[in-house]
Amino acid sequence: MFSSVLIANRGEIALRVARTCRELGIRVIMVYSTADRDSPALRLADELVHIGPPAAARSYRYAPAIIEAARRTGAEAVHPGYGFLSEDPDFARACRAHGITFIGPPAEVIFRLGDKAQAREAAVEAGLPVLPGSIRTLSDGAEARRAADEIGYPVIIKAAAGGGGRGMTVVRDARELASGYARARADALTLFGDGRVYVEKYLETARHIEVQVMADEHGDVVHLGARDCSVQRRRQKLIEESPAPGLPEDLVARMCEAGVRGARATGYVGAGTFEFLVGDEREFYFMEANSRIQVEHPVTEMVTGVDLVREQLAVASGHRLSAAVRDAVPTGVAIECRINVEDPERGFLPTPGLIEEFVPPNGPFTRVDTHGVPGMRVPPDYDPLLAKVIVWDADRDGAIARMDRALAELRVTGPGVRTTTGFLREVIGHPLFREAKHTTGLVDSMLVP
């Protein structure tokens, strides 16, 4: 096991990783930007390194600063958390070049899975079902038109370098194709610096299901069950749960097997997810693979008892998957709600600012992953995630009731600060959610005036 790890991230995931490191006796090195100089996450570090100004491009996304921090502090490994550099193959290669272990899959695997068009090709090679679509990236608008006509509308044009729910344009008929293609290319260039796009069939309503996989460098690959991530707004997840409810057991089993097959075929190592869409006809289709720890990993931890970060650290240091992972049997139901500093009544506008009161929920089988404390100033420079409330119960009705109680206990106040807590209570109280009949269209339907 490593003796020191640099955490190249911030907020709740930095705390989450730091806690497991400390339990393992690993020295924790944290980096921070000027905007985070007073962050509570820094209190768990044994050593701190300031890496730059608030702008992520000049701090958390600036690989030379992270590499230099790791080199200067003697860190044996870098844990990237999620976001920022977590799926950057160039960063993984740079770590390797400097003799620092990148905690994640090999750079070549990150590159292939990070390019959505290549990932789609890899899925086809592995025998995973995919939605009808272009085989490779499109050369121009005319090719996009031919592909869309062949697939049938609606279609979705996706950035090959996209991720995190960004870089997607839905086109509902041929009249929108030219403008949609131009917009998709422009968005891809702006967001990812890569204008390549491809097209595939768009499902208006679907279930978003992902499979947690763990793999080691000795050839062992397992899954830890499925998560339902269908409650989304603008393709940003709001609520996740495990196991995925309301789906036939054999369908979920086939998705889990497909996740393992995809991981094995791509030479995957570490923690990752294979994500699928389930259509009305109850068939599933590969969507993308994420080569990192996910925001929603706690729901898998709650139903399996496996510390996924611990497993990441062990696998990255050359160990085989533990018996805890290989023998894991999911039990009960876990639900996670993301508490964002946003105002649902104003179109989910971010509301950063000073938090005067922060009272997290407590009680049986209730976990809160957060970096929030009273007196903390939420900076406007990063994503609005303040906390994740996770609950477990033996059955889904109990888990929903426990989540409603937990959200009712949560108090976050400050001048101008609003959170999504109240809206999340509305979602978990919605009949379609309670009956496990919700789809990716649920939140949009609730927001229609």
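So, helix α7, residues 177-192: in this predicted model that helix lies across three strands, β6, β7 and β8. Against β7, helix α7 runs at about 175°.

Now look at what sits under that helix. The three strands make an open sheet, and the order is β7-β6-β8, with antiparallel pairing. Because β7, residues 166-171, and β8, residues 197-201, each have a single partner strand, they stand at the edges, and one side of each has no neighbour in the sheet. On average, and ignoring direction, neighbouring strands here are turned by 25° against each other.

If you want to find the pairing on screen, go to β6, residues 155-163. Five bridges join β6 to β7, in the antiparallel sense. Take Ile157 as your marker: its bridge partner in β7 is Thr169.

Okay, on to charges. How many salt bridges does a search of the whole structure find? The count is 39. I'll pick out a few.

Start with a local one. Asp149 and Arg145 form a salt bridge, with 3.3 Å between the closest N and O atoms. Both residues belong to helix α6, residues 141-151, and they're four residues apart, so to speak about one turn of the helix. Are these two buried or exposed? Well, somewhere in between: Asp149 has 45% relative accessibility and counts as partly exposed, and Arg145, at 39%, is partly exposed too.

Next, Arg396 and Glu241. Their side chains meet in a salt bridge at 2.8 Å, N to O. Arg396 is in helix α12, residues 396-409, while Glu241 is in strand β11, residues 236-242, so this pair ties together parts that are 155 residues apart in sequence. Why do we call Arg396 buried? Because its relative accessibility is 13%, and the cut-off for buried is under 20%. Glu241 is buried as well, with a relative accessible area of 2%.

Then there's Arg367 with Glu301, another salt bridge, where the closest N and O atoms are 2.9 Å apart. Arg367 sits in strand β19, residues 366-370, and Glu301 in helix α9, residues 297-304; the two are 66 residues apart, and the pair links distant parts of the chain. Both of these residues are buried.

Last thing, and this one is a group rather than a pair. Which residues are linked in a network of salt bridges? On the acidic side you've got Glu210, Glu240, Glu275 and Glu296. On the basic side, the network has Arg227, Lys237 and Arg338.

Definitions and conventions. Residues numbered from 1 in each chain as written. Predicted model: local features only at pLDDT ≥ 70, side-chain atom pairs only at ≥ 80, totals over all residues. Heavy atoms only, no water. Pairing = 2+ DSSP bridges. Axes fitted to C-alpha atoms, helices over the stretch in contact; angles between N-to-C directions. Contact = heavy atoms within 4.5 Å. Salt bridge = Lys/Arg side-chain N within 4 Å of Asp/Glu carboxyl O. Buried < 20%, exposed > 50% of the residue type's maximum accessible area, 1.4 Å probe, protein only.
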